[in-house]
Structures are given as structure tokens and as C-alpha cells.
Amino acid sequence: MQDTKWQEFSQRMAYEGSLHVKVEPLDSSPDLLAGYNERNLHVLRALASLDERRVDGGSEDDNPLMQELLRMDSKINVLMEVVNRLLIPIAQLPAQRTIRFNALGIVVPQDALPAAEQLLLVCLHFDACRALPLELPGSLHCRLDDGSAYIAFIEPSEMVADGLERFVFRHHRRKVAEARATAM
């Protein structure tokens, strides 16, 4: 396949993993598209702050103020998990699927696609905040020979695209660090 959009997607770093994913038909009114950008920006910021909290939690500081902040952070994490479970129990989440995505688009199994739809809404639920999915409008760009399909995102704001790139980079950096720790 020699398509420019697919080539650009394939050459960029991407999140690869298993997430709760739902793909449904998209209502493409301009007001809704702007709303998706606004909500996605909030979700990406929440994911970034939760990610930072986990990374910072590993520091060894004897400062009593820092210890108290770490205890409060731990309590907040527990409360967030309780709220997540109450808002969206695991049984109500869409199926987990192996995906690959970056700021340009996403590759999903073809069986996740609704029948005969060109404009789609991809909903990604992350374990850190299951109640706040990323809702990414896209269009079915191509079906791949391996049983998956490439959906190109449409009209993400510059800030959402940047947030997605940062999220993918943090995920990649964490995977590299885990691989190095395992190798040691």
C-alpha cells in the first residue's frame, strides 16, 4: 500500500497495546467536532497528570511535607479507582482490543467497525480514568490485509494532536524503561 496518509502514520511512533475500544458511526456536525476536541484535551490532561503522579510517587524523599503529599496522593489514587469502578464497571466497558494509534490515526481490528460506515467515532477507555474516554472522530481510510483497518483522525485541534503525541511518547519511554529494567 503506497498511500501517503498510511505511510506517514506508519513512520511515526505509536502507542501499541490493548485498550477498551468502541468504534461507532459519527455524527459529524461542526459543533460536535469542536466539543470532541475540547473534551479530548481535558482527558489527555487528566491522563498526563495521573501519569506524572505515578512517576513522581517513586522518589525517596525524607522531607515530612513530601511524605504527607505522597500519602495524600495515594489516597487520591484510591478514590479515583473507586469512582472509576462506580461510574463505569468493567462489565460495561467495550471489549479490549489490540490497537496502534498516534496523532494521525488508529489501527483497529476490522470486526470492531460498524457495518458500511465511512465516518466513525473511536472511543478509547484507559484504565487510569475509565469514565473519561478519548473520543476521536475519524474516517475509514483503508482495510489492511492482516484483518485490521486504518482510521485517519479528522479535525483534531493542534493542542489535541500535541497531547496525543506526548501521550504516545510517554508510553514509549515507559516501555523502554521497563525493557531496560527487565534486562538488568
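This passage describes the strands, the packed helix and the nonpolar cores of one predicted model. Local features were taken at pLDDT of at least 70 and side-chain atom pairs at pLDDT 80 or more, whereas totals for chains, interfaces and linings use all residues. Residues are numbered from 1 along each chain as its sequence is written, and side-chain values use heavy atoms, with hydrogens and water left out.

A good place to start is the sheet. Six strands (DSSP runs of E, at least two residues, numbered from the N terminus) close into a barrel in the order 1-2-3-6-5-4, with antiparallel pairing; strands count as paired if DSSP finds at least two bridges between them. From one strand to the next, the twist averages 50°, with axes fitted as lines to C-alpha atoms and angles running from 0 to 180 degrees between N-to-C directions. Strand 1 and strand 4 run antiparallel and are joined by six bridges. His20 has His125, in strand 4, as its bridge partner. Helix 4 (helices being DSSP runs of H or I, at least four residues) packs on this sheet and touches strands 1, 2, 5 and 6; its direction makes about 145° with that of strand 1.

Turning to the interior, the largest nonpolar core (buried Ala, Val, Leu, Ile, Met, Phe, Trp, Tyr and Cys residues joined through side-chain atoms within 4.5 Å; buried means under 20% relative accessible area with a 1.4 Å probe, protein chains only) holds 32 residues. Phe101, Ile106, Leu124, Ile151 and Leu164 touch the most other members. Helix 2 (30-56) and helix 4 (158-183) are among the elements that each supply at least two residues of this core, and helix 2 gives the largest share, five residues. Leu164 touches, among others, Leu44, Phe101 and Phe153 (heavy atoms within 4.5 Å), not counting residues up to four places away in sequence. A second, separate core of seven residues includes Trp6, Phe9, Cys142 and Leu144.

Methods: Buried means under 20% relative accessible area, exposed over 50%, partly exposed in between (1.4 Å probe, protein chains only).
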